[in-house]
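Let's walk through this model together, one question at a time. Have the sequence and the 3D view at hand.

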Amino acid sequence: MASSGVRDTRRKGRQRRDMCGAVLFTLLLCVLRCAEGDNPSNIVVILTDDQDVELGGMTPMKKARSLIGDAGAYFTNAFTVAPLCCPSRSSILTGRYPHNHGVRNNSLTGNCSSPAWQKGPESLAFPVYLNKQLYQTFYGGKYLNQYGKKEAGEVSYIPPGWDQWHALVGDSKYYNYSLSVNGKEEQHGDRHDQDYLTDLIANRSLEFLDKRSPQRPFFVMLAPPAAHSPWTAAPEYEGAFNNTTAPRDGSFNKPGKDKHWLLRQPLNPMSPNSIKFLDDAFRKRWQTLLSVDDLVEKVVKKLMDLQVLNNTYIFYTSDHGYHTGQFSLPIGKRHLYECDIRVPLMVRGPGIKPNQTLRAPVLNIDLAPTFLDIAGFNLSTVNMDGQSFLHHMAPSLRNGTTRPYFLVEHTGEGHSDSDPACPKLGPGLSHCFPDCICEDAFNNTYACVRMLTDKNLQYCEFADSESFVEVYDLTSDPHQMENILKKVDPTLLQTMNQRLIKLQSCEGSTCWNTKY
């Protein structure tokens with residue numbers, strides 16, 4: 001007979017074998033489940049340039065609206081935190097406000113794609129984290145305005161996190177440009193079938209999708225030049241919208257009374273030549289967007305052919321809005337008004353019910369944390385000022401909160417010398433038109449608090465010698481015609497001022513988890 005010690009040893013051995021068997025079975029079950037489903041979702045982002053939503057900028061996008069918005073969600077309160085290309089795009093990449101990523105304008109001295117940006121904020125941009133989640137990443141089109149310049153590392157510099165890199169050197173162009181293709185310069189001419197940038201990045205993204213590994217998720221970001229100047233339409237769309245003019249309602253061709261001095265300087269009424277110029281720009285902008293509409297159709301069809309559409313989130317948005325004639329300013333952005341700071345935003349994907357119209361405020365700094373949330377990244381480990389909005393469009397997948405207010409900020413640009421064509425204006429201005437109407441100035445530097453929940457208000461302070469303040473009630477005055485600073489309860493002004501002060505120094509979750 002075996003002793004009791006031997007029996008105990010045998011019993012413990014069987015228990016260990018049983019336990020190991022159970023663990024192995026659980027692991028095998030997990031592997032099988034992972035193989036059957038629960039794959040990380042893919043992400044596609046289409047980021048246009050200068051596309052407004054307030055002035056009908058989505059009108060040309062019939063295919064995009066059908067394939068993305070109607071199939072998912074339209075966000076009616078989507079905003080940029082900075083109405084200028086490089087600061088806005090830097091916010092999209094980092095999920096941070098300009099006061100935290102340090103990009104002030106479109107110049108190298110303004111930190112646009114500068115060595116300091118590359119060593120600091122860009123090293124913590126969302127593609128770095130997606131790469132850690134084993135996403136296959138592709139970028140095509142305009143990146144940052146100074147990208148590829150000699151002082152910014154030239155075309156050999158590839159920002160971290162991108163596997164396939166087809167980025168435009170410099171600002172938006174449609175023909176006669178250079179690309180950095182995985183760090184090597186590729187020059188393009190003016191042949192439509194080979195060089196038209198919107199079509200080129202669309203076709204290269206399709207090649208990427210065909211060649212990618214099906215075992216890993218992918219992230220594709222396409223940044224066409226439309227609807228930015230020089231507004232070069234594809235040949236097939238050069239005759240489109242010939243009878244279209246810029247909208248004449250709201251603040252169009254109205255004086256900028258009781259506003260910051262830069263808005264008080266345009267001639268009113270506008271000259272016939274100025275109106276003709278802006279109408280022409282308005283038409284051409286829409287013409288360029290028709291090729292973006294085709295891009296969306298091509299990408300969605302490819303995703304469908306590859307049978308991955310149902311597991312892919314598709315985002316469509318712009319870096320900021322645009323104005324054409326509002327307050328007698330011919331064309332541009334850079335200002336605090338709704339046409340410049342509101343952007344289109346449509347999203348479709350897993351868990352998003354079709355034909356939704358969502359009114360929760362969403363900012364472009366929310367895009368990066370939303371991408372990471374979809375990828376399964378732990379957001380508490382990243383330092384971003386934005387918050388995921390996945391819970392708004394797919395409440396079955398996430399819980400979340402709505403921010404009560406947010407910040408919009410802009411650092412004005414100017415020249416130290418007077419414009420020779422407009423000597424009476426003096427120094428400090430920039431982006432002036434032939435009739436001496438200027439779009440920006442050093443002291444067009446402002447910060448705004450925008451509210452949408454309790455009240456539909458905007459409160460803005462300028463960093464100028466006047467300490468100028470503008471306040472608007474957008475419920476009664478959606479076109480921001482009247483600055484109601486002198487009519488508002490002083491207690492409310494004090495509250496808004498305190499919120500602005502705290503937002504201007506916020507970082508991370510304090511930018512949206514507000515208690516003041």
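Q: Over how many bridges do strand β18 and strand β19 pair?
A: Strands here are DSSP E runs of at least two residues and helices are H or I runs of at least four, numbered from the N terminus; two strands pair if DSSP finds at least two bridges between them. This is a predicted model, where local features need pLDDT of at least 70, side-chain atom pairs count only at pLDDT 80 or more, and totals for chains, interfaces and linings use all residues. Residues are numbered from 1 along each chain as its sequence is written, and side-chain values use heavy atoms, without hydrogens and water. β18 (residues 446-451) and β19 (residues 457-462) run antiparallel, and their pairing spans 5 bridges.

Q: Which residue in β19 is the bridge partner of R450?
A: Take the antiparallel pairing of β18 with β19 and look across from R450. Its bridge partner in β19 is Q458.

Q: Which are the edge strands of the open sheet?
A: The sheet has 4 strands in the order β15-β18-β19-β20, with antiparallel pairing. An edge strand pairs on one side only, which here picks out β15 (405-410) and β20 (469-473).

Q: Why are A64, I68 and G69 on the same side of α2?
A: In helix α2 (residues 62-69), these three are buried, meaning under 20% relative accessible area with a 1.4 Å probe, protein chains only. The arc is taken from the directions from the helix axis to the C-beta atoms. They share a side because they cover an arc of only 75°.

Technical notes
Buried means under 20% relative accessible area, exposed over 50%, partly exposed in between (1.4 Å probe, protein chains only).
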